[in-house]
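Student: I'd like a close look at one part of this model. Could you walk me through how the helices of one chain pack together, and then show me what surrounds that part?

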Amino acid sequence: MNTFFEQLLNGIAMGSIYALVTLGLTLVYGVMRILHVAHAAVYTVGAYMGLFLYSSTGSLLLAFFGASIGCAILGVGIERFVYFPLMKYPPFVPLIGSIAVMLSIEEIMRLIAGPYILTFPAKLPFPDLSFSGIYVSSTIIAVYSITALILLVLWYISSRTELGLAMRAVSQDISISGAMGINSHLIVSITFVIGSAVAAIAGILVGIYYNQVYPTMGAVPAYKTLALIVVGGLGSVSGGVIASMILGVAETMLIGYANIPFPRDALAFIAMIGVLMWRSEGIMGSSR
Amino acid sequence: MVAPILTVNGISKHFGGLKAVENVDFQVFPGEILGILGPNGAGKTVLFNMISGVYRPTEGTIDFRGERIEGLPSHLVARKGIGRTFQIVKPFTSLTVLQNVLVAKGIMKYGHLSRIWGPWGSRKDINEAKEILERVGLIELADRKAGLLPLGNLRRLEIARALVVGHTMLLLDESFSGLRHEEIGRLEALIRDIRDSGRTIILIEHNMRVTMRLCSRIIVLDHGRKIAEGEPKDIQKNELVIEAYLGRKGVLDVP
């Protein structure tokens, strides 16, 4: 029974990290209608920046902040110099551009940091806990607390601030938003800043969780999060978070209990096919 | 002679080889309702899109209260006090009627990074938004999702949003199309009321009777060119207009 709970806790941790990456993708899709595949590369860069800052300064706080700022700049750069000029073409053009950016960043990281798996031997400033025999590692507590904090801040921004209202307006119609005086380009850039900073945090958390950082660490999340935003309902933040949590738990349970030779990374896609057959708009998407 | 509030000078918009608007001039004076008539594809909406900053004119200038506004992005034009509606109504469907108006209320804040992090919908903003909803007759529906409103109410909502933004001038793009007879009367009264409160209005309209009744002056476009300008009674008699737009005379015989 204890194993079950520990697996469940691991699964939720995994789901939390998926949720953090998926969030950025959902927000970007919302305001720009672009599948931002390169988001997973931003996450990889975040992990490397975090590792570099941590190993050179020894401060995790600095690693989180520095990587968030670095990735925010990278994200806005991708938006300004890749997506914005390509917006006037059909949606597959920016999508291909995004894939190109993703592969380029992977290769650049390989050139800079080498094709090795680096370790991220950080000790998070959270206690290891044990409840009646169930062991909860400090990493898991860190993942939970940081995810909860980020979700809370994002919920506040999107539902309570002028920025959130403007983001909702821009995601519904850019031309009307312009006529309402909203500088939609600024709102889109802020969305990239938020999404990319959160991706950096997710990258560092994954690095610490698995104690691994490597150039292609974004490859599997790149397509898995695409499946997740579809399952959650394109553009629906809550749907993306819920789908991520379910997938994290399902994957972990599958490895823990199923004795069938089943590739766990396929699960997200089987779920996507299933959900699309059942509800083509996703679990939280609105039907149009 | 009163100085014009908006002066459009030699404006053209070409899309590749298509001359959507070609060398159009006109002036709009404070407090008037100017009508723009013309058959489909005459360039009326393109003209609006140039004034409101959606398109940059290929040639020509637009002067609003002494400032050049051609080529400005639409959010900056909006901030100068020019509100507009769209031919195809596009409310923010997932927001309520009140929230739709509040989006427009935030207008000055969205450009300032430091000011967008604050909460939206202050007591003052909500009260002002409700006053506007009261004025356009939507106050009872304030908390309804905008996506669920019928067309007549959506047109009013569009005008409510345009009123918040357009404290100086409103551009109304076919606000009467698709409305039932009794709704047309109410909307006419609303537009007169808006003009009487001191705003200048330009409207694009297909409904001839309404245009003749509401507007103090009318310009007529055909194939992107201005073919006539004048008071409704003169436009009614203009041979060019009758030929280009109406084809037959009877339609213009307004009681």
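Tutor: Here is a walk through the helix packing in chain A, followed by the core, the contact with chain B and two unusual backbone spots. Keep in mind that this is a predicted model.

Let's start with α8 of chain A, which covers residues 184-210. One helix packed against α8(A) is α2(A), residues 39-57. Their axes come within 7 Å and cross at roughly 60°, so the two helices are oblique to each other. As for handedness, α2(A) passes α8(A) in a right-handed crossing.

Which residues do the touching? On the α2(A) side, look for A:His39, A:Val42, A:Tyr43, A:Thr44, A:Gly46, A:Ala47, A:Met49, A:Gly50 and A:Leu51. They meet a set in α8(A) that includes A:Gly195, A:Ser196, A:Ala199, A:Ala202, A:Gly203 and A:Val206. Sort the residues of this contact by class and you get ten nonpolar, eight polar and no charged ones.

Now see how α8(A) fits into the inside of the model. The largest nonpolar core has 162 residues, and α8(A) gives the most to this core, with 16 residues. Among the residues with the most contacts inside the core are A:Ile201, A:Ala202 and A:Leu205, along with A:Ile17, A:Cys71 and A:Ala166. Zoom in on A:Ile201: leaving aside its neighbours within four places in sequence, A:Ile201 is in contact with A:Leu20, A:Phe64, A:Ser68, A:Ile146 and A:Ile150. As a bit of background, nonpolar side chains tend to be buried together in soluble globular proteins.

Two of those partners lead us to another helix pair. A:Leu20 in α1(A) and A:Ile150 in α5(A) both take part in the contact between these helices. So does A:Ile17 on the α1(A) side, a residue you already met in the core. The axes of α1(A), residues 2-32, and α5(A), residues 138-160, come within 9 Å and cross at roughly 35°. This time the crossing is left-handed. Eleven nonpolar and two polar residues make up the contact, with no charged ones.

Stay with α1(A), since it also packs against α10(A), residues 237-257. Here the angle is about 145°, with the axes 7 Å apart, and α1(A) passes α10(A) in a right-handed crossing. The residues of this contact divide into twelve nonpolar, twelve polar and one charged.

Just past the end of our starting helix there's a curious spot. A:Asn211 is in the loop between α8 and α9 of chain A, and has a positive phi of about 55° although it is not a glycine. That's worth a look because most residues other than glycine have a negative phi. A:Asn211 has 14 C-beta neighbours inside 10 Å, so it counts as partly exposed.

Chain B has a similar case to check. B:Glu174, in the loop between β7 and α6 of chain B, has a positive phi of about 50° and isn't a glycine either. With 19 C-beta neighbours inside 10 Å, B:Glu174 counts as partly exposed.

Finally, where the chains touch, the contact takes 29 residues from chain B and 18 residues from chain A. On the chain B side, α2, α3 and α5 each supply at least two residues. The largest share, four residues, comes from α2(B). By class, that side has 16 nonpolar, eight polar and five charged residues.

Technical notes. Residues are numbered from 1 along each chain as its sequence is written. Chains are lettered from A and ligands numbered from 1 in the order in which they are written. This is a predicted model: local features need pLDDT of at least 70, side-chain atom pairs count only at pLDDT 80 or more; totals for chains, interfaces and linings use all residues. Axes are lines fitted to C-alpha atoms, for helices over the stretch in contact, and angles run from 0 to 180 degrees between N-to-C directions. Angles under 35 degrees count as roughly parallel, over 145 as roughly antiparallel, 65 to 115 as roughly perpendicular and the rest as oblique. A crossing is left-handed if the near helix is turned anticlockwise from the far one by less than a right angle, and right-handed if clockwise. Two residues are in contact if their C-beta atoms, placed from the backbone, lie within 7 Å. Ala, Val, Leu, Ile, Met, Phe, Trp, Tyr, Cys and Pro count as nonpolar, Asp, Glu, Lys and Arg as charged, and the others, Gly among them, as polar. A nonpolar core is a set of buried Ala, Val, Leu, Ile, Met, Phe, Trp, Tyr and Cys residues joined through C-beta atoms within 7 Å. A residue is buried if 20 or more other C-beta atoms lie within 10 Å of its own, exposed if 12 or fewer, and partly exposed in between; C-beta atoms are placed from the backbone.
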